[in-house]
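Here are my notes on the model, set out as numbered points. Please read them alongside the sequence and the coordinates.

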Amino acid sequence: MRAKERFEKTRKGVLRLNEVKNLIMYECDDWRPHEEKVSKAISDPTAQRAIYLVDEVSEKLEALRSEESELEAFIGDSLALIQAVNDGFGEIYATLLEARYIDRLTWSRIHDDFGIAKSTGYYLIGIACDWIDSVGVSRLLKGETEL
């Protein structure tokens with residue numbers, strides 16, 4: 001996978017990771033329809049919640065935790081690449097990569113925060129991605145930044 005593709009996937013992964021963490025935090029209970037109450041049944045909300053968690057949510061939470069681990073590992077590798085760019089190529093390139101793909105900033109926000117126009121930002125990110133591709137992701141993750 002080329003660097004540009006990796007960072008685009010990272011940008012989407014950051015958004016998905018936030019969604020997954022929220023689903024885990026709220027035990028997949030972001031929205032459920034109201035349950036019909038049976039008039040003859042004795043309501044026990046604690047038991048209902050426990051049954052729901054065991055029967056319906058436990059497998060979903062397990063899958064979400066697995067997805068969370070995969071996303072964190074992938075995003076962590078992308079952050080390590082950004083650090084390698086900072087160490088071996090230049091701080092401005094690393095700052096742009098982090099702002100655009102990790103922090104998910106818009107180009108207008110990047111312009112406001114860093115004074116870099118969209119066209120210049122695209123150009124600089126392209127240069128950084130070319131450098132990453134030329135050195136190699138595996139070498140950069142090992143800390144080797146020389147061509």
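**Notes on side-chain contacts**

1. D113 and R109 meet in a salt bridge, with the closest N and O atoms 3.0 Å apart. The two residues are four positions apart in helix α4, so about one helical turn separates them. D113 is partly exposed, at 40% relative accessibility, and R109 is also partly exposed, at 44%. This is a predicted model, and the values in these notes should be read with that in mind.

2. The number of salt bridges comes to eight. One of them pairs R2 with D133, where the closest N and O atoms are 3.1 Å apart. R2 lies in the segment before α1 and D133 in helix α5, so this salt bridge ties together parts that are 131 residues apart in sequence. D133 is partly exposed, with a relative accessible area of 26%.

3. E144 and R139 also form a salt bridge, at 3.1 Å from N to O. E144 has a relative accessible area of 36% and is therefore partly exposed; R139, at 30%, is partly exposed as well. Elsewhere, R16, E19 and E67 are joined into one network by salt bridges that share partners.

4. R11, in helix α1, deserves a separate check. Which side chain of opposite charge is nearest to R11? It is E8, 5.2 Å away, and R11 has no salt bridge although it is buried. A salt bridge needs the side-chain nitrogen within 4 Å of a carboxyl oxygen. Leaving aside residues up to four places away in sequence, R11 touches R100, Y101, R104 and L105.

5. The count of aromatic pairs is four. In one of them, the ring centres of F89 and Y93 are 4.6 Å apart and the planes stand at 45°, so the pair is tilted. F89 is partly exposed at 29% relative accessibility, whereas Y93 is buried at 17%. F89 also pairs with W131: the centres are 5.0 Å apart and the planes are at 20°, so this pair is stacked. Because F89 lies in the loop between α2 (45–88) and α3 (91–102) and W131 in helix α5 (residues 118–135), the pair ties together parts that are 42 residues apart in sequence. W131 is buried, with 8% relative accessibility. Through these ring pairs F89, Y93 and W131 form a cluster.

6. The largest nonpolar core contains 35 residues, and those with the most contacts inside it are F7, V85, L96, L97, I125, I132 and L140. At least two residues of this core come from each of α1 (3–25), α2, α3, α4 (107–114) and α5. The helix that gives the most is α2, with nine residues. V85, one of the residues with the most contacts inside the core, touches G90, Y93, A94, L97, W131 and I132 when residues up to four places away in sequence are not counted. Two of the cluster members from the previous point, Y93 and W131, thus appear in the contact list of V85.

7. Two smaller items remain. The charged end of K9 sits over the ring of F74, at 5.0 Å from the ring centre. A63 has its place in helix α2 and is partly exposed, with a relative accessible area of 48%. The C-alpha atoms of A63 and V20 are separated by 9.9 Å, and the two residues are 43 residues apart along the chain.

Conventions: Residues are numbered from 1 along each chain as its sequence is written. This is a predicted model: local features need pLDDT of at least 70, side-chain atom pairs count only at pLDDT 80 or more; totals for chains, interfaces and linings use all residues. Side-chain values use heavy atoms; hydrogens and water are left out. Rings of Phe, Tyr and Trp (its six-membered ring) pair if their centres lie within 6.5 Å; planes under 30 degrees apart count as stacked, over 60 as edge-to-face and the rest as tilted. Buried means under 20% relative accessible area, exposed over 50%, partly exposed in between (1.4 Å probe, protein chains only). A charge sits over a ring if NZ of Lys or CZ of Arg is within 6 Å of the ring centre and within 35 degrees of the ring normal. A nonpolar core is a set of buried Ala, Val, Leu, Ile, Met, Phe, Trp, Tyr and Cys residues joined through side-chain atoms within 4.5 Å. Contact means heavy atoms within 4.5 Å. Lys and Arg count as positive and Asp and Glu as negative; His and the chain ends are not counted.
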